[in-house]
Amino acid sequence: MSDVLELVDVSVVREDRALVDKVSWSVAEGERWVILGPNGAGKTTLLNIASSYLFPTTGKARILGEELGAVDVFELRPRIGVAGMAMADKLPHGQTVLQTVLTAAYGMTAHWHESYDEIDEKRARQFLDRMGMSGYLDRKFGTLSEGERKRTLIARAMMTDPELLLLDEPAAGLDLGGREDLVRRLGRLARDPQAPSMVMVTHHVEEIAPGFTHVLMIRQGKVLVAGPLESELNSRNLSRCFGLPLVVERAGDRWTAQGLPLS
Ligand SMILES: Nc1ncnc2c1ncn2[C@@H]1O[C@H](COP(=O)(O)OP(=O)(O)OP(=O)(O)O)[C@@H](O)[C@H]1O
């Protein structure tokens with residue numbers, strides 16, 4: 001299996017501070033990674049590198065076999081699907097849900113009345129259907145609830161048939177039903193052998209969908225743990241990562257974590 005992402009000694013330094021500190025990490029084709037870490041740990045910064053929007057200050061980053069700095073990022077970006085709220089802010093609120101997904105096929109955020117191929121429209125409808133958004137095709141993006149918006153963004157990220165899918169806190173702000181619905185849908189995607197390699201940033205182990213395979217834990221920009229979920233997502237590692245005693249439990253193919261009571 002080849003690596004879809006390979007970071008070697010990557011640091012990102014801003015105002016004399018390393019937001020990401022000598023990170024070495026690789027994602028092989030077909031793997032599904034979760035990134036966990038406290039607020040400010042550098043999770044989004046890592047995703048910004050993985051999506052080619054941020055270049056390391058030092059170290060080497062290879063994405064889909066191409067080295068950042070030595071590749072035309074405009075050729076690389078359509079091969080990477082990104083779903084995060086930063087993208088939601090760039091999308092016109094007056095555009096319909098179908099247009100919002102369709103414009104991704106043309107590497108655009110806005111609808112410029114270009115004539116879309118029937119095949120693209122069919123794909124957009126299929127991805128929206130898989131995310132449970134078939135009933136919202138003509139709704140304006142700006143009128144969607146948080147959960148509906150997140151599902152639309154994932155459908156949009158799939159439109160270019162990416163080799164790497166990056167999800168930044170896809171379940172943040174969702175209610176219990178919305179979270180569980182999203183986890184089911186992400187689980188179906190994660191278990192699909194045709195689906196792209198995936199990296200998801202999350203704050204809660206409860207949001208890890210079945211089918212995810214690996215975990216990266218970071219703290220203050222440094223890698224604490226990188227390996228299979230099965231062996232590495234445990235109470236010891238998560239407690240070190242968040243700096244307080246936590247108990248991790250596995251129930252079937254899902255995870256939970258809770259803090260120990262104060263003595
Ligand atoms: N341009 C910048 N200049 C200076 N500091 C920055 C800049 N961008 C991010 N930071 C800082 O870098 C650190 C890491 O930010 P990042 O967004 O990657 O963290 P995160 O793990 O995603 O956090 P959260 O869980 O709160 O979303 C934070 O302390 C943030 O304030």
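Of the 263 residues of the protein chain, 38% count as buried. The structure is a predicted model, and its overall dimensions make a convenient starting point. A compact globule of 263 residues would have a radius of gyration near 18 Å, and the 18 Å found for the protein chain agrees with this. Along the principal axes, the C-alpha atoms occupy a box of roughly 60 × 45 × 35 Å. Among contacts in the protein chain with a separation of 6 or more, 62% link residues that are 24 or more positions apart. The secondary structure amounts to nine helices and twelve strands.

Turning to the strands, four of them form an open sheet in the order β2-β1-β4-β5, with antiparallel pairing. Its edges are β2 (17–28) and β5 (66–67), each of which pairs on one side only. Within this sheet, strand β1 (residues 3–14) runs antiparallel to β2 and is joined to it by eight bridges. Arg14 stands opposite Arg17 of β2, and Arg14 will return below as one of the residues around the ligand.

Further along the chain, strands β11 (residues 246–251) and β12 (residues 254–259) also pair in the antiparallel sense, here over six bridges. Arg250 has Trp255 in β12 as its bridge partner. Two residues lie between the strands of this hairpin, in which Gly252 adopts a positive phi near 65 degrees.

Helix α1 deserves a closer look. It spans residues 43–50 and is largely enclosed by the rest of the structure, because seven of its eight residues are buried. The buried residues are Lys43, Thr45, Leu46, Leu47, Asn48, Ile49 and Ala50. Just after α1, Ser52 takes a positive phi of about 75 degrees.

The same helix also features in the surroundings of the ligand: with three residues, α1 gives the most to the shell. The residues around the ligand include Lys43, Thr44 and Thr45, and of these, Lys43 and Thr45 are listed among the buried residues of α1. Also found around the ligand are Gly37, Asn39, Gly40, Ala41 and Gly42, together with Arg14, Glu15 and Leu19. Arg14 thus combines a place in this shell with its position opposite Arg17 in β2. For readers thinking about the chemistry of the site, the shell divides by class into two nonpolar, six polar and three charged residues.

Definitions and conventions: Residues numbered from 1 in each chain as written. Predicted model: local features only at pLDDT ≥ 70, side-chain atom pairs only at ≥ 80, totals over all residues. Buried ≥ 20, exposed ≤ 12 C-beta atoms within 10 Å, placed from the backbone. Helix = DSSP H or I, 4+ residues; strand = E, 2+ residues; numbered from the N terminus. Rg over C-alpha atoms; globule rule 2.2 N^0.38 Å. Contact = placed C-beta atoms within 7 Å. Pairing = 2+ DSSP bridges. Near = placed C-beta within 6 Å. Nonpolar A, V, L, I, M, F, W, Y, C, P; charged D, E, K, R; others polar.
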